[in-house]
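Student: I would like to learn how to read a strand and its neighbours in a model. Where do we start?

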Amino acid sequence: MIVVMDHRASDGEIEEVLIRLKKIGFQIHLSRGVERTIIGAIGDRSILCDINLESMPGVEKVVPILQPYKLASRAFQEENTIVKAGDLEIGGATIHVMAGPCAVESREQLMKAARLVRDAGGAILRGGAFKPRTSPYSFQGLEEEGLKLLAEAREETGLLIVTEVMDVRDVSMVAHYADILQIGARNMQNFFLLREVARIDKPVVLKRGPSGTIEEWLMAAEYIMSGGNYNVILCERGIRSFENYTRNTLDLTAVPVVKHLSHLPVIVDPSHAIGMWRFVPPMARAAIAAGADGLIVEMHPNPSEALCDGPQSLTPENFKMMMDDLKKIAGLMGRKMP
Ligand code: PEP
Ligand code: MN
């Protein structure tokens, strides 16, 4: 439930409510908004019968949150969450594009990609150092060596770094190098991993599982938030459907639906959703038109030589064209691109 405090409530009155809730075993999440303070209280509501919170000084009303996700819910926080990564804000007026190769392959490949991303107006470099591959015989990533190359690319270009962490044992190492951690689609419900990234102070991109419902996806976000990390960016990346022409089916409805249900920023990955580079730019444009807060897109200096996901990777030229078009759509939506 949430306890909405009167806008004139004093710090002392807020404190009294917090003490009362903690005493009966509730987990507390305080949100001090511009208008008013909201206390998110998670615990057994039946215990509340004994205390009449609504009669406490400074309390305006007590509202139960009916959805199973609480902290991720729009009911808990009305204003959009803006996730800060370095100097960037994700979820605000500016739309940021995260782009780069599927996997970090070599210094030369990554540096080239990083310069191309920067020159086309991207703000964040993507690249996997740990790759979740369907086949154990496919390229699995350069691991820590790849993370070092990403950090080097950040040094040279000023771009921020987003990269996937697959294993609880690697969370602190990946967090040491990266600015934003990515939980891949296959790990959306890896609850141990979610709990582990909840303990770090870096933003997390949480991809939607290939068979994850919107509710399951928001519950996965809830794991990270209830563990203490509120900086969650949701990423729609296509779901499994009967349609098999494309790699997955991009569920663009998820963008307005999730933005209605949750205050968290939502970005879209058209590359993994579609699996074919040709259809990536139109769906990227559609994502911005649908209200997405950003994109994550695969671009390779030479897609035909990519070790991973070449067929869905944009060439530098196509990436540049897409970025120019996205600026126009962003403008129509009353948003900006850097
Ligand atoms: C990726 O972004 O490299 C990736 C593997 O994506 P997903 O987890 O969405 O399949
Ligand atoms: Mn990929």
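Tutor: We will go through one strand, then its partners. This is a predicted model, in which local features need pLDDT of at least 70, side-chain atom pairs count only at pLDDT 80 or more, and totals for chains, interfaces and linings use all residues. Residues are numbered from 1 along each chain as its sequence is written, chains are lettered from A and ligands numbered from 1 in the order in which they are written, and side-chain values use heavy atoms, with hydrogens and water left out.

Student: Which way do the residues of strand 12 point?

Tutor: In a regular strand the side chains alternate between the two faces of the sheet. Helices (H or I, at least four residues) and strands (E, at least two) are DSSP runs, numbered from the N terminus. From strand 12, Val232, Leu234 and Glu236 point one way, Ile233 and Cys235 the other.

Student: How many residues of strand 12 are buried?

Tutor: Buried means under 20% relative accessible area, exposed over 50%, partly exposed in between (1.4 Å probe, protein chains only). Strand 12, residues 232-236, has five of its five residues buried.

Student: Which residues stand opposite Cys235?

Tutor: Strands pair if DSSP finds at least two bridges between them. Strand 11 (residues 204-207) runs parallel to strand 12, with four bridges, and Lys207 is opposite Cys235. Three bridges join strand 12 to strand 13 (residues 266-268), also parallel; there Cys235 has Ile267 as its bridge partner.
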